[in-house]
Amino acid sequence: MILPTHTPPLLITGATGLIGSQLVRRYLNAGRAVSALRRATSTTGLLDDVKDRITWLEGDILDIPSLEDAIQPGMDVIHTAAIVSFVPRDRERMEKINVEGTANIVNVCLEKEVRKLGFISSVAALGRPDPKRNSGSETVVIDENQKWEDSPNNSAYAQTKYRAELEVWRGVAEGLNAVIVNPSVVLGEGDWTRSSSQLFRYVYQEKPFYTEGMTNVVDVQDVAQALYQLMESDIVNERYILNGATLSYKELFYKMAAAFGKKPPAYRVAPALAEVLWRLEALRSRLSGKAPLITRETARSATHSYRYVSDKIQRDLSFKFHSVDETIRRVSAFFAGV
């Protein structure tokens with residue numbers, strides 16, 4: 001499909017978050033004008049040095065009139081706004097923001113006939129096979145052809161991102177041009193009290209435990225660059241896994257500890273112990289009102305081994321990922337200065 005060659009206006013949702021802020025920077029560095037949708041209560045801490053170069057529009061993805069004001073005909077829209085949580089009490093909120101909010105974006109994009117929608121999904125939206133179909137000790141390889149199936153290894157977050165993707169594909173069926181990226185665990189310069197950035201804080205505080213499973217990670221700069229290239233290309237109606245490396249939690253934590261000059265976690269948490277710990281954390285959370293450090297979903301997912309392959313993006317865009325060592329050194333240096 002040949003898309004218009006002129007430079008369209010651009011709107012980014014979730015611009016104040018980890019991925020959204022990097023996308024804003026990527027487009028500003030390319031000389032593009034950027035409009036960003038934000039709620040009145042949102043902070044701009046990750047963009048304070050460039051916030052005056054951004055056109056801020058007050059609104060909410062759950063408020064359709066504000067979306068209709070922000071999204072204009074022929075523009076590019078990048079939708080990054082989402083809630084990432086594995087805490088049971090956040091399920092209803094994730095349903096509203098991740099699913100209903102995406103449906104609203106898709107509907108207004110269709111109404112306004114935008115040029116292209118870029119959607120930040122997650123590898124979680126691909127689903128994980130039922131563990132009964134493998135021994136649990138072998139690594140399961142997942143690519144873009146993975147079909148969603150009900151499984152106890154699919155978190156509530158995964159379910160909402162899967163349904164959010166279905167809204168985008170529904171929009172495609174109704175004539176929308178869209179591209180979807182499915183990043184793995186995103187490592188980058190963000191708020192280390194939230195989401196995946198908490199991994200750096202965990203190691204910095206010299207916590208003693210690690211789980212025996214595998215994890216998949218990608219540099220936030222690679223996520224921004226990949227979606228930027230996809231939006232600038234003629235590629236439409238495709239999705240791409242973005243994963244820079246697959247490694248054990250022990251190896252990841254040791255690399256982070258070395259970058260910080262901290263003592264690495266020394267005690268492996270076996271699956272049986274993880275089942276005990278999440279129950280204790282659930283009790284502590286109820287008594288204290290604070291979010292649990294480990295939940296049933298995170299405890300169980302962290303003991304399995306999955307590898308997400310990014311061959312498609314590397315083939316279609318000749319894309320190259322940062323090395324995990326380079327990413328950890330850069331991001332650790334950022335957090336060490338916090």
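User: Why is Lys312 called buried?
Analyst: Its relative accessible area is 15%. Buried means under 20%, exposed over 50%, and partly exposed in between (1.4 Å probe, protein chains only). So Lys312 counts as buried. This is a predicted model, where local features need pLDDT of at least 70, side-chain atom pairs count only at pLDDT 80 or more, and totals for chains, interfaces and linings use all residues. Residues are numbered from 1 along each chain as its sequence is written, and side-chain values use heavy atoms, leaving out hydrogens and water.

User: What makes Glu238 and Lys312 a salt bridge?
Analyst: Their closest N and O atoms are 2.7 Å apart. A salt bridge needs a side-chain nitrogen of Lys or Arg within 4 Å of a carboxyl oxygen of Asp or Glu. The pair therefore qualifies. It links distant parts of the chain: Glu238 is in strand β11 and Lys312 in helix α10, 74 residues apart. Helices (H or I, at least four residues) and strands (E, at least two) are DSSP runs, numbered from the N terminus.

User: Why is Glu238 called partly exposed?
Analyst: Its relative accessible area is 31%. That falls between the two limits, so partly exposed is the term.

User: How do you know that Arg32 forms a salt bridge with Asp76?
Analyst: The closest N and O atoms are 3.9 Å apart, within the limit. Arg32 sits in the loop between α1 and β2, and Asp76 in strand β4, 44 residues apart. Both residues are buried. Arg32 and Asp76 also belong to a salt-bridge network with Arg115 and Glu232.

User: How many aromatic pairs are there, and what makes a pair?
Analyst: Rings of Phe, Tyr and Trp (its six-membered ring) pair if their centres lie within 6.5 Å; planes under 30 degrees apart count as stacked, over 60 as edge-to-face and the rest as tilted. The count by this rule is twelve.

User: Why is the pair of Phe209 and Tyr267 called tilted?
Analyst: The ring centres are 6.3 Å apart, and the planes stand at 50 degrees. That angle is neither under 30 nor over 60, so the pair is tilted. Phe209 lies in strand β9 and Tyr267 in strand β13, so the pair ties together parts 58 residues apart in sequence.

User: What makes the pair of Phe319 and Phe321 edge-to-face?
Analyst: Their centres are 5.0 Å apart and their planes at 75 degrees. The angle is over 60, so the pair is edge-to-face. Phe319 is buried at 4% relative accessible area, and Phe321 is buried at 19%.
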